[in-house]
Amino acid sequence: MSKVVNYGVISASGMASSHMQAISDNHQARLVAVCDLNLDKARAAAERFSVAGVYQDYQDLLQHEGLDAVVVATPDQQHKEMTINALRQGKHVLCEKPMALTLEDCKAMIEAERAGSAKLMIGQICRYTPGFVAAKKLIDRGEIGELFFVESEYAHDYSKIVGSPTVYHWRRDPLRHPFLGGGCHAVDLLRWIAGSPKTVSAFANRKVLKDMPTDDCTIAIYQFPNNVIGKVFVSIGCKRNYTMRSVFYGTQGTIIADNTTPSITVFKEGFAAQDSLMTDVSSYTVPVQLPVRLNNHNTTGEIADFTRSILEDTPVTTSSVEGASTVEACLGAVASAASGQPVNLSYQYD
Ligand SMILES: NC(=O)c1ccc[n+]([C@@H]2O[C@H](COP(=O)([O-])OP(=O)(O)OC[C@H]3O[C@@H](n4cnc5c(N)ncnc54)[C@H](O)[C@@H]3O)[C@@H](O)[C@H]2O)c1
């Protein structure tokens with residue numbers, strides 16, 4: 001392979017546009033082909049990014065001469081088939097989150113990757129969100145002591161995104177439960193910070209988007225390794241601006257971070273208060289605002305990382321097993337809410 005990775009992007013709208021921009025901006029990557037069922041969209045993207053290869057059928061895109069890698073940014077239902085076919089043809093794959101909608105599909109994707117030599121990475125973009133990256137660095141450095149409670153939320157009003165129930169939208173598929181579709185961001189973030197939870201208990205309701213086929217609000221309590229407790233709240237009907245507000249509680253401090261604020265807040269113990277007005281308090285905790293870049297969808301960082309692992313032949317950052325583990329943790333919560341029983345998570349992918 002040359003010193004540049006030749007990419008094709010499957011889909012020409014939504015998240016795919018962000019990936020195409022990131023590839024175009026990366027000097028070690030080149031966008032050579034784009035495809036969309038809607039050929040007009042594919043043509044418009046090709047013109048915008050000066051791309052020669054324009055296709056309607058992704059199987060034709062996979063034949064594009066010199067193609068090294070693809071980004072699968074189609075609806076979740078299609079991730080499995082496209083990823084497996086691309087891997088079988090030796091193309092490296094960056095597959096959008098969630099990896100797939102069932103654990104069986106994730107396992108088939110892992111099997112296809114193991115059968116060949118091409119790499120598979122799952123686009124869990126929060127691992128590149130500056131505020132979350134900063135929080136993880138501080139936690140890993142021990143700045144807030146030992147974690148005891150972590151929480152994250154995916155609060156997003158989907159009423160405009162999914163449109164009218166009379167018009168098909170792939171996000172209305174009962175298999176595409178919101179706790180998996182969007183909630184996988186929050187679950188993956190906590191798994192990245194605190195490890196893979198072993199047990200989950202969840203509750204759900206549907207009071208806002210009553211025409212959706214699934215509950216629109218879920219709260220899940222996870223038991224993480226080292227006796228860390230975690231909570232994930234997902235709502236796709238909430239009346240507020242989109243946020244992934246997350247809080248990490250340690251024995252010596254607390255961090256509040258999200259993906260829509262240009263700073264994170266760090267509380268650390270030990271500030272002496274003798275000179276303050278609060279003379280009755282011997283010590284208290286001062287919140288410190290650490291500025292971070294605001295970059296909600298950091299595809300630039302994600303594409304740079306994936307490109308580097310292809311060129312240097314190093315393991316990808318978010319492996320297929322990581323992607324599958326997040327899907328398993330999400331589906332466990334959905335199953336728990338449905339049954340009213342706790343669900344154990346096993347992560348068997350061998
Ligand atoms: N990482 C993130 O933060 C993030 C954000 C939004 C969406 N996503 C994920 O990205 C994926 C796409 O979501 P979106 O919002 O961009 O969707 P979208 O509905 O806006 O766009 C999907 C595109 O795929 C095209 N398409 C559908 N089937 C196709 C096929 N067989 N061949 C070629 N093109 C096909 C459609 O014509 C459409 O242009 C989903 O998996 C979603 O979960 C991730």
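Biologist: Where does Y347 lie?
Modeller: Y347 lies in the segment after β15 (343-344). Strands are DSSP runs of E with at least two residues, helices are runs of H or I with at least four, and both are numbered from the N terminus. This is a predicted model: local features need pLDDT of at least 70, side-chain atom pairs count only at pLDDT 80 or more, and totals for chains, interfaces and linings use all residues. Residues are numbered from 1 along each chain as its sequence is written.

Biologist: Why is Y347 placed in its burial class?
Modeller: Count the other C-beta atoms, placed from the backbone, within 10 Å of the residue's own: 20 or more is buried, 12 or fewer is exposed, in between is partly exposed. Y347 has 14, so Y347 is partly exposed. The backbone of Y347 stands out too: phi is positive, about 55°, although Y347 is not a glycine.

Biologist: And S50: why is S50 called exposed?
Modeller: S50 has 8 other C-beta atoms within 10 Å, so S50 is exposed. S50 sits in the loop between α2 (39-48) and β3. Phi of S50 is positive at about 50°, and S50 is not a glycine either.

Biologist: Now the other end of the scale. Why does L120 count as buried?
Modeller: L120 has 26 C-beta neighbours inside 10 Å, so L120 counts as buried. L120 is in strand β6. Leaving aside neighbours within four places in sequence, the contacts of L120 are T83, L87, V93, C95, M109, E113 and S320. A contact needs C-beta atoms, placed from the backbone, within 7 Å.

Biologist: Why is C217 called buried?
Modeller: The count for C217 is 21 other C-beta atoms within 10 Å, so C217 is buried. C217 is in strand β9 (residues 217-224). Beyond four places in sequence, C217 is in contact with A204, N205, K207, S235 and G237. From the C-alpha atom of C217 to that of Y154, 63 residues apart along the chain, the separation is 10.0 Å.

Biologist: What is the strand order in the open sheet?
Modeller: The six strands run β3-β2-β1-β4-β5-β6, with parallel pairing. The edges are β3 (53-55) and β6 (120-123), each paired on one side only. From one strand to the next, the twist averages 25°.

Biologist: What makes β4 and β5 a pair?
Modeller: Two strands pair if DSSP finds at least two bridges between them. Strand β4 (residues 69-72) and strand β5 (residues 92-96) have four bridges, in the parallel sense. V71 has L94 in β5 as its bridge partner.

Biologist: Which strands pair with β11 in the antiparallel sense?
Modeller: Strand β7 (residues 147-155) is joined to β11 by five bridges. L147 bridges to G250 there. Strand β12 (residues 253-257) also pairs with β11 over five bridges, and F248 has I255 as its partner. With two residues between them, β11 and β12 form a hairpin.

Biologist: Which residues make the covered face of β11?
Modeller: In β11 (residues 246-250), S246, F248 and G250 are on the covered face, V247 and Y249 on the uncovered one. In a regular strand the side chains alternate between the two faces of the sheet.

Biologist: Why are α4 and α5 given their orientation label?
Modeller: Axes are lines fitted to C-alpha atoms, for helices over the stretch in contact, with angles from 0 to 180 degrees between N-to-C directions. Under 35 degrees is roughly parallel, over 145 roughly antiparallel, 65 to 115 roughly perpendicular, and the rest oblique. Helix α4 (residues 79-88) packs on helix α5 (residues 103-115) at about 10°, with axes 9 Å apart. They are therefore roughly parallel to each other.

Biologist: Which residues meet there?
Modeller: K80, T83, I84, L87 and R88 in α4 meet D105, A108, M109, A112 and E113 in α5. By class, that contact has five nonpolar, one polar and four charged residues. Ala, Val, Leu, Ile, Met, Phe, Trp, Tyr, Cys and Pro count as nonpolar, Asp, Glu, Lys and Arg as charged, and the others, Gly among them, as polar.

Biologist: Which residues come nearest to the ligand?
Modeller: S11, S13, G14, M15 and E96, out of 24 around the ligand. A residue is near if its C-beta atom, placed from the backbone, lies within 6 Å. The shell divides into 10 nonpolar, nine polar and five charged residues.

Biologist: Where is the cis proline P98?
Modeller: P98 lies in the loop between β5 and α5. The peptide bond from K97 to P98 is cis, with omega near -20°.

Methods. Contact = placed C-beta atoms within 7 Å.
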